[in-house]
Amino acid sequence: MSLFQPRALMSALLASGLLAASMLPQTAAAGEFSRTTMNKMGIFLSNFTECQITAITRQGFMDDPAEVVHFGMCHDWINNHKLFSNRNKCGKETSKYNEFVHLDPKRITESAKRYLGYKFTDHQSSPDYRIAYDGHTYCWPAADGEQTPYVYVTEAYSMDDGSIRVKGSSYYPDAEEKADDTINVRAVIMPHEYNGKATWYLLSLEVDPKPFPD
């Protein structure tokens, strides 16, 4: 399983405050969301697609703790790289060099709270992603990653249950590609509050495959 390297675009978004500090949705007017709010929805969903998560539900995450661990590790590896420490051991693997990166398990809990809206406590290893957990820290081997898609939201509608149904298009910023009119992203998100700020958590996500442009 490939791992991930921080992206220049996401770093720029962090610098501008869009990803972390400006997740506050604006008030919808006449049942429609502003372009600014839909851009923030796209950034929110891109936190999943940049980790190659393209077909899952919130319940699916809750039923498979290893997927929560993978998402939390990948999310911080891309967006909060400095939170990792380098060591020469990870689980049963050792290396002459400090090529393994370690993360505090509290970060996995925070990612689940912020992006999935629930308290994650079932800490465990995720062998499919070469993630080891020893009861104190999570670790995996640092490596470059594949090109990953982001999401541009084109439609967002409030539902009777308070959730928001979202449609959009995936695109590859690393290829300097812009989103087109093809709708291949469908998601449902729910407004909630994280650390005193309004944001969303994921209820479902489905992204039809879209190859990296030649």
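Trainee: Which residue in β9 is the bridge partner of E155?

Mentor: Happy to help, and keep in mind that this is a predicted model. Strand β8 covers residues 150–158, and β9 covers residues 164–171. These two strands run antiparallel and pair over eight bridges. Within β9, the residue that bridges to E155 is K167.

Trainee: Which residue in the hairpin of β8 and β9 takes a positive phi?

Mentor: Look at the link between the two strands, where five residues sit. The phi there is near 95°, and the residue that takes it is G162.

Trainee: Thanks! Now the aromatic rings: how many aromatic pairs does the structure hold?

Mentor: A pair of aromatic rings is described by the distance of the centres and the angle of the planes. The number of such pairs in this structure is eleven.

Trainee: What kind of aromatic pair do F61 and F71 form?

Mentor: Their centres are 6.1 Å apart, with 55° between the planes. An angle from 30 to 60 degrees is neither stacked nor edge-to-face, so the F61 and F71 pair is tilted. The pair joins helix α3, which holds F61, to helix α4, which holds F71. In sequence, F61 and F71 are separated by ten residues.

Trainee: Is F61 buried or exposed?

Mentor: Buried means under 20% relative accessible area. F61 has a value of 0%, so F61 is buried.

Trainee: What kind of aromatic pair do F71 and Y115 form?

Mentor: F71 lies in helix α4 and Y115 in helix α5, 44 residues apart. Both residues are buried. Their ring centres are 5.6 Å apart and the planes meet at 85°. An angle over 60 degrees counts as edge-to-face, so the F71 and Y115 pair is edge-to-face.

How values were computed
Residues numbered from 1 in each chain as written. Predicted model: local features only at pLDDT ≥ 70, side-chain atom pairs only at ≥ 80, totals over all residues. Heavy atoms only, no water. Phe/Tyr/Trp six-rings, centres within 6.5 Å; stacked < 30°, edge-to-face > 60°. Helix = DSSP H or I, 4+ residues; strand = E, 2+ residues; numbered from the N terminus. Buried < 20%, exposed > 50% of the residue type's maximum accessible area, 1.4 Å probe, protein only. Pairing = 2+ DSSP bridges.
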